[in-house]
Amino acid sequence: MSTIANKLAREELIDMVPYQSARRLYASGSDSSSAQNKIWLNANEASGLGNYNINSNSINRYPDFQPDNLINAYCAYSGLTPTNILATRGADEGIELIIRTFCKAYQDSILICPPTYGMYAISAENHGAEIVRVPLIDNQLDLDSMKTQVGQVKVVFLCSPGNPTGNLLTTESIKTALELFGDTAIVVVDEAYIEFSPENTKASWIKDYPQLVVLRTLSKAFALAGLRCGFTLANPDIITMLSKVIAPYPISAPVADIASAALAKAELEKMRTRVQETVILRTQLFGWLNNQKWCANVFESDANFILFQTTDTHTKNFIFDCLKQQDILIRDQSAQLQLAHCLRISIGSERELSLLKQTIINAFSPATSET
Ligand SMILES: Cc1ncc(COP(=O)(O)O)c(C=O)c1O
């Protein structure tokens, strides 16, 4: 079958049959009553529960490759079908899988648009894939320069909303990038922060663009970073190819249970409320930063953090260090292309952000009172 996945994947994967784990051969299904009617002697598991005081009735069993309860819950949330979804250990695993599936080590390249999320480059370096950098211009894609790379790269990583910049890429530019690269590259739209502007998701474009892959996570708006659960959304041929590369049991049973509970209707409402609260705090912090003498620029944010530029390196270090002394940790982004003197603050709780502001005010006040 001629599909974009077959065209672009590492050749050895095309005919490769993935490891036929016990649960890939016979899934237990989310209906535990049918699982309980079977006698499971095919995976060298213990037949009874250990005495761990854990709230799970099947922890002695390997989980299904892609647990039904989780995939069905994400289908309902995303409006896609199970064949469009691969659950992974965070979006980070999705990034790694895409590179491992589509890039031949020491031959193929990925394209990134810095300043951007660091793991695209790290995963590429780990795998031996080359990195082509086409920097953003005014935090948007430089489509003219990207055009010169058509045919030269296997995977293009777009991040919208961007980390660490915070803003959305325009719909028009994502569309143009998809059309530019056509069937020559997988175009990834990393939507780790999309819950902060859900109307801008490109997940529904998957049916129109066979080369599109959308990355999602429960680590941000869902408040489940410790769970390590993300989703790769794409056409079935891409999902099938990625499924050959991923580990046989990527999602542990407790993760599937917690994640599917987090995707239930009532929990989605709570997530949306959390997003609204975050946006209010973000707007307040944005206004405050904008009024500070030491702040040269505040970046517009569609995510749960704010990037800002201080007037100079000394000031950047001063702010970072005085916060650190009070055990308030923010992220120095100044090593990134175009982000000299820039710091990034995650939108924490109201109390955490008040402490942050007060600490900065206190740090500057002796200097202010002298002048
Ligand atoms: C843009 C972006 N993509 C992906 C990730 C990774 O998310 P996860 O925790 O799901 O691995 C992050 C985490 O900070 C991110 O900022």
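This report describes the packing of helix α6 and the residues around the ligand in a predicted model.

Local features are given where pLDDT is at least 70, and side-chain atom pairs count only at pLDDT 80 or more, whereas totals for chains, interfaces and linings use all residues. Residues are numbered from 1 along each chain as its sequence is written.

Helices are DSSP runs (H or I, at least four residues), numbered from the N terminus. The table lists two packings of α6; axes are lines fitted to C-alpha atoms over the stretch in contact, and angles run from 0 to 180 degrees between N-to-C directions.

| Pair | Angle | Axis separation |
|---|---|---|
| α6 (residues 90–102) and α7 (residues 119–127) | about 45° | 9 Å |
| α6 and α10 (residues 236–245) | about 95° | 9 Å |

α6 is therefore roughly perpendicular to α10 (65 to 115 degrees). Their contact (C-beta atoms, placed from the backbone, within 7 Å) joins Leu97, Ile98, Arg100 and Thr101 of α6 to Met241, Leu242 and Val245 of α10.

α6 and α7, by contrast, are oblique to each other (angles outside the perpendicular range that are neither under 35 degrees nor over 145). On the α6 side, this contact includes Asp92, Ile95, Glu96, Ile99 and Arg100, and α7 contributes Met119, Tyr120, Ser123, Ala124 and His127.

The ligand is surrounded by Gly90, Ala91, Asp92, Tyr117, Cys159, Asn163, Asp190, Ala192, Thr217, Ser219, Ala225 and Gly230, each with its C-beta atom, placed from the backbone, within 6 Å of the ligand. α6 supplies the largest share of this shell, 3 residues.

Methods
Helices (H or I, at least four residues) and strands (E, at least two) are DSSP runs, numbered from the N terminus. Two residues are in contact if their C-beta atoms, placed from the backbone, lie within 7 Å.
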